[in-house]
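Colleague: I'm new to this one and could use a guided tour. Could you take a close look at a single part for me, the big nonpolar core, and then walk outwards from there?

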Amino acid sequence: MKTEQRHDLAARAAVHAALAEPARLLITDALADGDASPSELAALLAMPSNLLAHHLAVLEQAGLVSRRRSEGDRRRTYLQLVPGAFDPLVRQQALAARRVLFVCTANSARSHLAAALWRRASEIPAASAGTRPATAIDPGAIAAAARHHLPLRRLRPRHIDQVRQDGDLVVTVCDMAREELRARAAVHWSVPDPVTAGDPGSFDAALADLDQRVGRLAPRLATAAGLSGLDGAGG
């Protein structure tokens with residue numbers, strides 16, 4: 001592990017440790033909308049001053065809270081949340097890709113649905129493929145997309161070798177595809193196969209699962225510098 005990664009992990013761990021106490025969470029909640037003096041915090045939280053001082057020391061050491069002396073009563077200090085202090089709670093490393101390629105085994109349901117959801121959430125192009133393509137998109141996937149007003153391109157399932165391009169971020173959306181591709185897949189989403197169950201509820205559940213995952217990944221993904229002009233076609 002690189003030194004920078006170790007430092008990032010240590011910073012994130014320190015923030016989590018400092019907030020792993022309900023009283024300290026209450027303090028940060030109280031400071032979320034504005035600054036307060038220690039005496040005001042103690043009164044607001046009904047917390048003894050010695051206990052408050054202990055928790056503030058932990059938060060200050062973790063870099064979450066800072067003090068500023070009052071410009072009026074110089075004996076008074078105000079506590080405030082440090083800007084950006086909570087950033088380490090979320091992994092900040094961004095992924096880069098010129099296109100996202102969703103892969104499942106048959107390329108008949110999950111991968112098509114994931115690509116459709118991605119097109120709705122991001123300007124980065126998306127495509128889909130399979131490791132053992134079926135002959136057509138499953139009717140259950142088409143029906144689920146229609147129920148949820150999701151535009152679904154009616155594309156013929158294709159093999160990953162026909163679709164994959166340099167710069168693709170490969171996201172497997174089924175376990176079998178992940179285990180076939182191994183290191184060729186950068187991201188894996190273990191989404192149960194709705195085709196096996198065959199009922200509308202299973203397709204709706206898969207769509208909801210994929211929608212949440214797309215919503216988490218899309219903001220983290222940046223278009224690779226200098227790569228443009230891609231055709232967004234895919235399935």
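Modeller: What follows starts in the core, moves to the pieces around it and ends at a few spots elsewhere. Keep in mind that this is a predicted model.

Let's begin with the core itself. The largest nonpolar core has 44 residues, and those with the most contacts inside it are F102, W118, V171 and W189. Several elements give two or more residues to this core: the strands β4 (99-104), β5 (126-130) and β6 (168-172), along with the helices α5 (110-121), α6 (139-147), α7 (160-163), α8 (175-181) and α10. If you want one residue to click on, try F102. Leaving aside residues up to four places away in sequence, F102 touches S111, A114, A115, W118, A126, A127, S128, A129, V171, V173 and W189. There is also a second, separate core of 19 residues, which includes A18, I27, L59 and A85.

Now for the sheet. Four strands make up an open sheet with parallel pairing, in the order β5-β4-β6-β7. At the edges stand β5 and β7 (187-188), each with a single partner strand, so one side of each has no neighbour in the sheet. Between β4 and β6 there are five bridges, in the parallel sense. To find one of them on screen, look for L101, whose bridge partner in β6 is V170.

Next comes α5. Nine of its twelve residues are buried, so α5 is largely enclosed by the rest of the structure. The buried ones are R110, S111, H112, L113, A114, A115, A116, L117 and W118. The length of α5 works out as well: at 1.5 Å a residue, its twelve residues should span 16 Å, and the end C-alpha atoms are 16 Å apart, which agrees.

The loop between β4 and α5 is worth a stop, and N107 lies in it. With a relative accessibility of 0%, N107 counts as buried. Its side chain makes two polar contacts you can look up: one of 2.8 Å with the side chain of S111, and one of 3.0 Å with the side chain of S128. The backbone of N107 deserves a glance too. Most residues other than glycine have a negative phi. N107 is not a glycine, yet its phi is positive, about 55°.

R182 has a positive phi as well, near 50°, and is again a residue other than glycine. You'll find R182 in the loop between α8 and β7. Is R182 buried or exposed? At 63% relative accessibility, R182 counts as exposed.

Back to the helices, and to α10 (residues 200-217). This helix has 18 residues and reaches 26 Å from its first C-alpha to its last, close to the 26 Å expected at 1.5 Å a residue. Its buried residues are F203, A206, L207, L210, V214 and L217. They cover an arc of only 100° around the axis, which puts them on the same side of α10. On the face turned away from that buried side, α10 carries the exposed residues Q212 and R216.

You can read α3 (residues 38-45) in a similar way. Here L41, A42 and L45 are buried. Looking down the axis of α3, these buried residues fall within an arc of 100°, so they line one face of the helix. They pack against α2 (22-31), α4 (49-61) and β2. The face of α3 turned away from the buried side carries A43 and L44, which are exposed. Just after α3 comes A46, with a positive phi near 50°.

That brings us to β2 (residues 77-81). In a regular strand the side chains alternate between the two faces of the sheet. In β2, the covered face has T77, L79 and L81, while Y78 and Q80 are on the uncovered one. The partner of β2 is β1 (residues 65-69), and the two pair over five bridges in the antiparallel sense. One pair to look for is R67, with L79 as its bridge partner in β2.

Terms used. Residues are numbered from 1 along each chain as its sequence is written. This is a predicted model: local features need pLDDT of at least 70, side-chain atom pairs count only at pLDDT 80 or more; totals for chains, interfaces and linings use all residues. Side-chain values use heavy atoms; hydrogens and water are left out. The expected span of a helix is 1.5 Å times one less than its number of residues. Buried means under 20% relative accessible area, exposed over 50%, partly exposed in between (1.4 Å probe, protein chains only). The arc is that of the directions from the helix axis to the C-beta atoms. A nonpolar core is a set of buried Ala, Val, Leu, Ile, Met, Phe, Trp, Tyr and Cys residues joined through side-chain atoms within 4.5 Å. Contact means heavy atoms within 4.5 Å. A polar contact is a pair of N or O atoms within 3.5 Å; within protein, one must be able to donate a hydrogen and the other to accept it, and residues adjacent in sequence count only if both atoms are side-chain atoms. Two strands pair if DSSP finds at least two bridges between them.
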